[in-house]
Amino acid sequence: MRISLIVAASTDNAIGRANELLWHLPNDMKFFKNTTWGMPVAMGRNTFDALKGKALPGRLNIVISRNASLPLPEGAVWVPDIPSAVEAARAWNAKEMFIIGGGEIYRQSMSVADRMYLTRVFAEFPDADTHLQGFQEAEWELKDRQAFQADEKHAYDYAFEMWDKK
């Protein structure tokens with residue numbers, strides 16, 4: 001089973017502020033949904049909280065938290081750590097699992113990930129409080145890149161990139 005990170009990060013690696021995204025890019029949301037559909041998605045509790053207590057439909061939602069009594073909706077399961085999240089995804093017989101955030105979960109997962117789907121947002125956000133940490137381009141190989149210009153629905157230029165671990 002492939003372990004993949006899927007993340008949108010600015011050029012200064014900002015990914016969020018106050019448990020919210022920093023931008024609204026409809027094509028990125030569509031890309032996220034299409035890429036993760038039918039697959040297990042693992043996330044930290046803060047990322048799950050940002051979903052307002054609802055599981056992402058069409059996917060097994062794996063919530064990583066130290067709180068074993070965390071109330072979860074149907075379609076979500078609790079695990080205590082990333083290795084347990086990987087095992088839960090394997091038990092689902094998925095060909096790929098996705099780590100979907102947040103910052104600390106990405107940092108902890110960087111060493112076990114095989115692939116990263118990175119939406120690179122060409123802007124900087126100095127007031128961000130969450131960043132993508134641990135991504136060293138020298139350890140990864142860029143396999144695919146599709147760039148897009150800002151338009152009436154997308155305030156920033158952005159690119160969908162696929163990186164594989166060397």
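Which strands and which helix do the buried residues of α3 pack against? The close-ups below start there, and keep in mind that this is a predicted model.

**Close-up 1. Helix α3 and the elements it packs against.**
Let's take the opening question first: the buried residues of α3 pack against β1 (2-10), β3 (41-44), β4 (61-64), β5 (76-79), β6 (96-99) and α4 (103-109). The helix itself covers residues 82-91, and its buried residues are I82, A85, V86, A88 and A89. Looking down the axis of α3, you'd find these buried residues within an arc of 160°, so they line one face of the helix. Why can residues spread along a helix share a side? An α-helix has 3.6 residues a turn, so residues three or four places apart point the same way. On the face of α3 turned away from the buried side sit the exposed residues P83 and A91. Just after the helix, look for N93, which takes a positive phi of about 60°.

**Close-up 2. The largest nonpolar core.**
How many residues make up the largest nonpolar core? There are 27 of them, and those with the most contacts inside the core are I62, M97, I99, M116, L118, L132 and F135. At least two residues come from each of β1, β4, α3, β6, α4 and β7. Our helix from the first close-up, α3, gives the most, with five residues. A second, separate core has 16 residues, including M39, V41, A55 and V63.

**Close-up 3. L118 and T119 with their contacts.**
Leaving aside neighbours within four places in sequence, L118 is in contact with V7, A9, L132, F135, A159, F160, E161 and W163. Now shift to T119, which lies in strand β7 (residues 115-121). T119 is buried, with a relative accessible area of 1%. Not counting residues up to four places away in sequence, T119 touches V7, A8, A9, D28, F31, Y158, A159 and F160.

**Close-up 4. Aromatic rings, with F148 and Y158 as the example.**
The structure holds 10 aromatic pairs. In one of them, the rings of F148 and Y158 have their centres 5.1 Å apart and their planes at 20°, so this pair is stacked. F148 belongs to strand β9 (residues 140-148) and Y158 to strand β10 (residues 158-165), so the pair ties together parts that are 10 residues apart in sequence. Is each ring's residue buried or partly exposed? F148 is partly exposed, at 32% relative accessible area, whereas Y158 is buried, at 1%. Zoom out a little and you'll see ring pairs linking F31, F98, Y117, F148, Y158 and F160 into a cluster.

**Close-up 5. Three of the salt bridges.**
Side chains of opposite charge can pair when their charged atoms come close. This structure holds nine salt bridges.

- E96 and R2 meet at 3.9 Å, N to O. They link strand β6 with strand β1, 94 residues apart. E96 counts as buried at 7% relative accessibility, while R2 is partly exposed at 32%.
- R17 and D127 meet at 2.9 Å, N to O. R17 sits in the loop between β2 (14-16) and α1 (26-36), and D127 in the loop between β7 and β8 (130-131), 110 residues apart. R17 is partly exposed at 33%, and D127 is partly exposed at 46%.
- D164 and R115 meet at 2.6 Å, N to O. D164 lies in strand β10 and R115 in strand β7, so the pair ties together parts that are 49 residues apart in sequence. D164 counts as buried at 16%, and R115 counts as buried at 11%.

Key: Residues numbered from 1 in each chain as written. Predicted model: local features only at pLDDT ≥ 70, side-chain atom pairs only at ≥ 80, totals over all residues. Heavy atoms only, no water. Buried < 20%, exposed > 50% of the residue type's maximum accessible area, 1.4 Å probe, protein only. Helix = DSSP H or I, 4+ residues; strand = E, 2+ residues; numbered from the N terminus. Arc of directions from axis to C-beta. Contact = heavy atoms within 4.5 Å. Phe/Tyr/Trp six-rings, centres within 6.5 Å; stacked < 30°, edge-to-face > 60°. Core = buried A, V, L, I, M, F, W, Y, C linked by side-chain atoms within 4.5 Å. Salt bridge = Lys/Arg side-chain N within 4 Å of Asp/Glu carboxyl O.
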